[in-house]
2 protein chains.
Amino acid sequence: MDVKTLCLGVLTEGDKTGYEIKRCFEDAFSHFFGAGFGSIYPALAGLSRAGLVSCRSVEQDKRPDKKVYSLTAAGHRLLVEELMATPPRHKVRSEFLVLIYFAHLLPPERLAWIMDQMIARWRQAVADIETCTTAAEGLAMTPGMRFAAGYGRAMLGAALAYVREHQAELVGAVAEIAAPATPEPLPLAGD
Amino acid sequence: MDVKTLCLGVLTEGDKTGYEIKRCFEDAFSHFFGAGFGSIYPALAGLSRAGLVSCRSVEQDKRPDKKVYSLTAAGHRLLVEELMATPPRHKVRSEFLVLIYFAHLLPPERLAWIMDQMIARWRQAVADIETCTTAAEGLAMTPGMRFAAGYGRAMLGAALAYVREHQAELVGAVAEIAAPATPEPLPLAGD
DNA sequence: ACCACCATGTAAACGGTTACATGATTAC
DNA sequence: GTAATCATGTAACCGTTTACATGGTGGT
């Protein structure tokens, strides 16, 4: 599954410009799928060439023209086909956890800073989901959207809880390794 | 942060062959970082060229020679530098959640199958973490490794709990959308 | 017989990120 | 005046994934 499929997907909710699609991605998918202009615009161009979306230019005063994309019947069909054929993968790529894994190679202050960063970011992410769901309240919100939002909240909550509970423990343990209670000089300096 | 850095990282635990490094990745990092032979072997070759790891060939009987890599002093220094310079990112890329988000476009049976798949996979992942941590019990397990394993367990537990609790709700809501006109009253309908 | 494990590598394809390029409007 | 928003696109770069290529051992 690539950005093209996601574009077809958001267009089922109504016609949109490339710019608006990016907004959609940020609001709805940001915690489980990322995409920037550099992948959205080429994707849209490709879909248009393939007849899976149609495109009309809309003039605006005091702004450049915008291109509004609509899903075609063929596009809708392909979307469903692709969704049916997509194996349910779920990958995490976390530099944060790599850093944690090698915590003993870092100064304790750096480690504490890293965890504070993540806590702050996750807090923000929870707030963003809350904002989006209350903003979409009353509007057409499918069961899937609700489920995905709830999943995001649950995961972020669990992550925050785990880090908060084990943060002090980890920093303490690493500090002990870095500066052991024994004043014995370690021979591991190695140059 | 790329595969090269991770290779340097696992080599701090002791000398290893490319094959063993891949095993390490699977055991320790699989729930937050992925890498296959196709990225590990070229990474090791590059590190060797740059003098960040050294390499010695070991003959084996009845097996092809293996190349055992060791971290050099320069490699260790670069690793720490890289870890210090790495911003703590944490990205999820989930085709599963995309599928869920567009649940209303899928047949309810498919949706149920998708969730069953994820539940099974996550259960397996929990079991794998348990196996690895008990296997490494008593051995050198750094605080960071324990933290990362615990984090994995916590996240998988939360994911499983959330999906289990909201699975029926979602499938039910989607089934209603898929077949809205059924005048058939539900068995427990009190509304 | 066939599959999994051990063991190493290459090369092409694919897709995403980042930087570049342009330019007007509105709000602080 | 400086930043953010609206609005579109290209091109180089980077790294991963996947498929290919080889080959002996050990288990069901």
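Here are a few exercises on this predicted model, each with a worked solution.

A word on the ground rules: this is a predicted model, where local features need pLDDT of at least 70 and side-chain atom pairs count only at pLDDT 80 or more, while totals for chains, interfaces and linings use all residues. Residues are numbered from 1 along each chain as its sequence is written, chains are lettered from A and ligands numbered from 1 in the order in which they are written, and side-chain values use heavy atoms, with hydrogens and water left out.

**Exercise 1. Work out which residues of α2(B) are buried and where they sit on the helix.**

Step 1: find the helix. Helices here are DSSP runs of H or I with at least four residues, strands are E runs of at least two, and both are numbered from the N terminus. Helix α2 of chain B covers residues 18–29.

Step 2: check its span. The expected value is 1.5 Å times one less than the number of residues. For the twelve residues of α2(B) that gives 16 Å, and the 15 Å from first C-alpha to last is close to it.

Step 3: pick the buried residues (buried is under 20% relative accessible area, exposed over 50%, partly exposed in between, with a 1.4 Å probe and protein chains only). They are B:G18, B:I21, B:K22, B:C24, B:F25, B:A28 and B:F29.

Step 4: look down the axis of α2(B). The buried residues fall within an arc of 155° (taken from the directions from the helix axis to the C-beta atoms), so they line one face of the helix.

Step 5: list the partners, taking contact as heavy atoms within 4.5 Å. The buried residues of α2(B) pack against α5 (95–101) of chain A, and against α1, β1, α3 and β3 of chain B.

**Exercise 2. Do the same for α4(B), and say which residues are exposed on the face turned away from its buried side.**

Step 1: α4(B) runs over residues 73–85, and its 13 residues should span 18 Å; the end C-alpha atoms are 19 Å apart, which agrees.

Step 2: B:G75, B:L79 and B:L83 are the buried residues of α4(B). They fall within an arc of 70°, so they too line one face of their helix. An α-helix has 3.6 residues a turn, so residues three or four places apart point the same way.

Step 3: turn to the other face of α4(B), and you meet exposed B:R77, B:E81 and B:A85.

Step 4: the buried residues of α4(B) pack against α5 of chain A, plus α1 and β3 of chain B.

**Exercise 3. Describe how the protein meets DNA strand C.**

Step 1: gather the residues with a heavy atom within 4 Å of the strand. There are 21 around DNA strand C, and B:Y19, B:R23, B:Y41, B:Q60 and B:K67 are the closest. Sugar and phosphate make up 68% of the strand's atoms that come within 4 Å of the protein.

Step 2: look for polar pairs (N or O atoms within 3.5 Å; within protein, one must be able to donate a hydrogen and the other to accept it, and residues adjacent in sequence count only if both atoms are side-chain atoms). Phosphate oxygens of DNA strand C lie 3.0 Å from a backbone N or O atom of B:Y19, 2.6 Å from a polar side-chain atom of B:R23 and 3.0 Å from a side-chain N or O atom of B:Y41.

Step 3: name the elements. α3 of chain A and α2, α3, β3 and β4 of chain B each give two or more residues to the surface near DNA strand C.
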